[in-house]
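Me: Can you walk me through this one? I'm new to reading structures, so keep it plain.

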Amino acid sequence: MTANDAFKTLYETVARLRAPDGCEWDREQTPSTLRGALIEETYECIEAIDENDTVHIAEELGDLFLLATMIGYMHEQEGKFSVADALLKVSEKLIRRHPHVFGDVKVANTGEILSNWAAIKIEKEGRKPKDSLMDEVSSALPPMDRSYALQKKAAKAGFDWPDSEGVITKIKEELDEVADVIKTAEDSMQHMLEEELGDLLFSVINLCRFLKVEPSIALRRTNSKFVSRFKHVEKKMKETGQEMKKENLELMESHWEESKKQPHHN
């Protein structure tokens, strides 16, 4: 089966589910109700890519195709635009923004490609330049991803640290400020803690960006490592008939250290 045939099958399946005699649950859905699923499936796809699990990647991409088609078909049913409209528009946009592939424009490097891309958006697509570079970053992004994107925009304009030492110094400053707030006994401490911890997190994300490390990927790896090590602790405690509780913290920590010595827990 070709990609054309496969997408036709998907489209017809979605249309059948949304038909008057289709699935009641599918017919009740709206673009708004599918927003959460769209985010969830995107992250599941990212996880599969991180794990290089091609079977899982294919499955999760299929789920994303389904949601995109379903949301597009909902608008088609309302006469706002068709699924075909969305597909044609993105194809036209790709061709328009790649004159070095579909035209006779010559480029020397990816920097020129990106510069052409930005110029085309304004000159050919009529998009008005944003009042601020910060406005080019969607406010709908998860906070960590938005911080990363905001910092990349600022760095592109030359607003960046000269070296990683400056970023590390800033992190230490922010950590000291958090410690200072903890020492206070003011009623507003919670608000102050949120502000200072936000500054600390922003600085750590900035270090990730400066060192060309995707913070979300780094954190996902650490989450996986934590889960693996914690499961090891649970397993060992269960084997010895010990409860997972604060009073057994020393024993749990010993199992934690033990888990770090095992290759698959590193």
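Reply: Start with one term. A helix here is a DSSP run of H or I with at least four residues, and helices are numbered from the N terminus. Also keep in mind that this is a predicted model.

Me: OK. Which helix holds both K170 and E174, and how many residues apart are they?

Reply: Both are in helix α9, which covers residues 164–183. They sit four residues apart, about one turn of the helix.

Me: What do K170 and E174 form?

Reply: K170 and E174 form a salt bridge. Their closest N and O atoms are 3.2 Å apart.

Me: Why do side chains pair like that?

Reply: Side chains of opposite charge can pair when their charged atoms come close.

Me: Is E174 buried or exposed?

Reply: E174 is buried, because its relative accessible area is 5% and buried means under 20%. Its partner K170 is at 27%, so K170 counts as partly exposed.

Me: How many salt bridges are there in the whole structure?

Reply: The search finds 14. One of the pairs links distant parts of the chain: R220 in helix α11 and D50 in helix α3. These two are 170 residues apart.

Me: And what is the N to O distance for R220 and D50?

Reply: It is 2.9 Å. D50 is partly exposed, with 40% relative accessibility.

Me: What about K260? Which residue does it bridge to?

Reply: K260 forms a salt bridge with E257, and the closest N and O atoms are 3.5 Å apart. Both lie in helix α12, residues 249–260. They are three residues apart, about one turn of the helix. K260 is partly exposed at 32%, and E257 is partly exposed at 41%.

Me: Which residues do shared salt-bridge partners join into one network?

Reply: R96, R97 and E125.

Me: New topic: pockets. How do you even find empty space in a protein?

Reply: Rolling a probe the size of a water molecule over the atoms shows where empty space is left.

Me: What is the volume of the largest pocket?

Reply: About 770 Å³. The lining has 21 residues, and those closest to the centre of the pocket are A118, K121, E136, K153 and K156.

Me: Which helix gives the largest share of that lining?

Reply: That is α8, with six residues. Helices α7 (110–123) and α8 (143–156) each supply at least two residues of the lining.

Me: How does the lining divide into nonpolar, polar and charged?

Reply: There are 11 nonpolar residues, one polar and nine charged.

Me: While we're on α8, where is Y148, and is it buried or exposed?

Reply: Y148 is in helix α8. It is buried, because its relative accessible area is 11% and the cut-off for buried is under 20%. The C-alpha atoms of Y148 and E239 are separated by 43 Å, and the two residues are 91 apart along the chain.

Me: What about T30 and H75? How far apart are they?

Reply: They are 45 residues apart in sequence, and their C-alpha atoms are 9.3 Å apart in space. T30 is in the loop between α2 (24–28) and α3. With a relative accessible area of 31%, T30 is partly exposed.

Me: Let's do backbone angles. What sign does phi usually have?

Reply: Most residues other than glycine have a negative phi.

Me: So what is phi at N52?

Reply: Phi at N52 is positive, about 55°, although N52 is not a glycine. N52 sits in the loop between α3 (35–50) and α4 (54–77). It counts as exposed, because its relative accessibility is 61% and exposed means over 50%.

Me: And K212? What is its phi?

Reply: K212 has a positive phi of about 60°, and it is not a glycine either. Its loop runs between α10 (189–210) and α11. K212 is exposed, with 76% relative accessibility.

Me: Last thing. Which residues make the nonpolar surface patch?

Reply: F226, V227, F230 and M244 make a patch of about 340 Å². V227 is in helix α11, residues 215–239. At 40% relative accessibility, V227 counts as partly exposed.

Notes: Residues numbered from 1 in each chain as written. Predicted model: local features only at pLDDT ≥ 70, side-chain atom pairs only at ≥ 80, totals over all residues. Heavy atoms only, no water. Patch = residues over 30% accessible without salt bridge, like charges linked within 9 Å, V, L, I, M, F, W, Y side chains within 5 Å. Areas by Shrake-Rupley, 256 points an atom, 1.4 Å probe, with all protein chains shown as cover. Salt bridge = Lys/Arg side-chain N within 4 Å of Asp/Glu carboxyl O. Buried < 20%, exposed > 50% of the residue type's maximum accessible area, 1.4 Å probe, protein only. 1 Å grid on protein atoms, 1.4 Å probe; cavity = no way out; pocket = protein on both sides within 12 Å on 5 of 7 lines; lining within 4 Å. Points joined across faces, edges and corners; volume = space filled by probe spheres on them. Nonpolar A, V, L, I, M, F, W, Y, C, P; charged D, E, K, R; others polar.
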